[in-house]
Amino acid sequence: MDLLLLASDVAMLTYVLGVLLLALPIPYRGIKAWGPRMIVDAFSTAVLISMLTVILSLGDLILQEVGVDWPSFYAWLSGLTGGIVAAMAGLSYISSAVKMTSYSFVSGPLSMAASYLATAFSSIKAIYLLSSFIYVYRDKLATLGILLYSLPFRMGKGVGSFLIAASVVMYAGFPLMPAFVSTFQGVASSLSTNFSEPVVTVRIVDLCGKAVPYPVVRLFSDKQMNEEVGVLIGGPEGKVIIGGSKDLLPKNYTLYVGVGYSGYLFYPEPRAITSGKTLFTLKVSSLLTYGGVSIIFPAGTLVFQAFENSTSLAASFIGSGDYLVIVSAGNAVVKSVVMDNESLNCHWIERVWEGIDLRECEVGPISGSHAVSVKFRGSYYPRPSVRERRLVYLDSVMDILTSIIATGVSLMYTLVFLPGVYIAMLTSITAALSRALGGSRLRLI
């Protein structure tokens, strides 16, 4: 190495200067005392140069004896980084969930948790930087330390001996950090950072089992449907997704369902969804719909045969004495309505529901057995402009918030306090070895 050749030359210079000072005919003892010191320093530098390979191998030998290595150390750091990322994801999740709710009062604890996670993340970046510097440049540190050690008049002996000691102590010490942290970490390592909610899929179908497009699902906490806790809009295939990253659900819940469609509220079967299942199919038995055209049967009607395709709807039923309603939405056009083989002249009423243009006709009141058939030119059912209100429960918010804060405190303890103590220990050991090499009260060379 070029630095080693330079260190050899500087050591030779130190030796020559030491001999010169020792041979000077000057009776001043303070000056002549530098002669033996510089001669010893020159010989010590020569010994260090010849032992550089041994010095660099000493760290690997220590790691081999204790059974750790650098890849496992970086795997440990990667695991902690994953924990921080998961905690930050959970924090972002709960922040977005409560932003537009009445639970915005948790913004203070959320900010505190965010500061914990930011501090822990900064600490792990510092550990990455310092350990990577030692791992990549330890041979250069030792060589630079020898060069500084060889300078005349001991100008760099203290710094040089510290760098030489650091190339051994820090290199062998950093991979031992996980063992030190795990010894004092205790129960903090068992904290969970999984904040995701289970995904619940609710499918809304009509009495023929076909999907009801864009159903407006209203969720209530009571069977009488007095307390509405959420409003969700399904997709064109009649599916509503609850949970995941959009809702905060309690561990145990029962939610009663009302389905809004074409300006009417229906009670599906079954009426409720409960915790423990992830897939529900709710049937609206009083609705027959296809291509933007619907037949809505009054409550108590018994439909014993129904048919639907892209051009017609038909059903045989026993009426309950109330009105039957034909509804077309958007660009769908009803061509004819036939009741018991007789064409009806419907009086169409236009209205708007949640941004959808509707035309409806009431038939009846109807009681007894009847058959109805509706011919139409279908179209896509428009998506209603209903503002969703996602499900957020206070106990779920507090559970997740408590878990996030506890995880933040755990990461602070794991990634800031314990590594700080350990690095301070490594620095003390390095300073002690530096004194042994470079001279203070204890001297080896």
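Me: What percentage of the 445 residues of the chain count as buried?
Reply: This is a predicted model, in which local features need pLDDT of at least 70 and side-chain atom pairs count only at pLDDT 80 or more, while totals for chains, interfaces and linings use all residues. Residues are numbered from 1 along each chain as its sequence is written, and side-chain values use heavy atoms, with hydrogens and water left out. Buried means under 20% relative accessible area, exposed over 50% and partly exposed in between (1.4 Å probe, protein chains only). On that basis the buried share of the 445 residues is 44%.

Me: How many helices and strands does the chain have?
Reply: Helices (H or I, at least four residues) and strands (E, at least two) are taken as DSSP runs, numbered from the N terminus. Counted in this way, the chain has nine helices and 16 strands.

Me: In the open sheet β4-β1-β8, what is the average twist from one strand to the next?
Reply: The three strands form an open sheet of mixed pairing in that order, where two strands pair if DSSP finds at least two bridges between them. Because β4 (239–243) and β8 (279–283) stand at the edges with a single partner strand each, one side of each has no neighbour in the sheet. From one strand to the next, the twist averages 20°.

Me: Which residue in β8 is the bridge partner of Val 202?
Reply: β1 and β8 pair in the parallel sense over five bridges, and one of the partners in β8 is Thr 281, which is matched with Arg 203. Side chains alternate along β8, with Leu 279, Thr 281 and Lys 283 pointing to one face and not buried, while Phe 280 and Leu 282 point to the other and are buried. The partner of Val 202 is Phe 280.

Me: How many residues does the largest nonpolar core have?
Reply: A nonpolar core is a set of buried Ala, Val, Leu, Ile, Met, Phe, Trp, Tyr and Cys residues joined through side-chain atoms within 4.5 Å. Those with the most contacts inside the largest one are Val 202, Ile 204, Leu 219, Ile 242 and Ile 273. Leaving aside neighbours within four places in sequence, Ile 273 is in contact (heavy atoms within 4.5 Å) with residues including Val 202, Ile 242, Phe 280 and Leu 282. The size of this largest core is 36 residues.

Me: Is the crossing of α1 and α3 left-handed or right-handed?
Reply: With axes as lines fitted to C-alpha atoms, for helices over the stretch in contact, and angles running from 0 to 180 degrees between N-to-C directions, α1 (residues 2–23) and α3 (residues 34–50) come within 7 Å and cross at roughly 160°. The two helices are therefore roughly antiparallel, a class for angles over 145 degrees, as opposed to under 35 for roughly parallel, 65 to 115 for roughly perpendicular and the rest for oblique. A crossing is left-handed if the near helix is turned anticlockwise from the far one by less than a right angle, and right-handed if clockwise. By that convention, the crossing of α1 and α3 is left-handed.

Me: Which residues does a cis peptide bond join?
Reply: Most residues other than glycine have a negative phi, and most peptide bonds are trans. Here a cis bond, with omega about -5°, precedes Pro 270, which is found in the loop between β6 (264–266) and β7 (272–274). The residues joined are Glu 269 and Pro 270.
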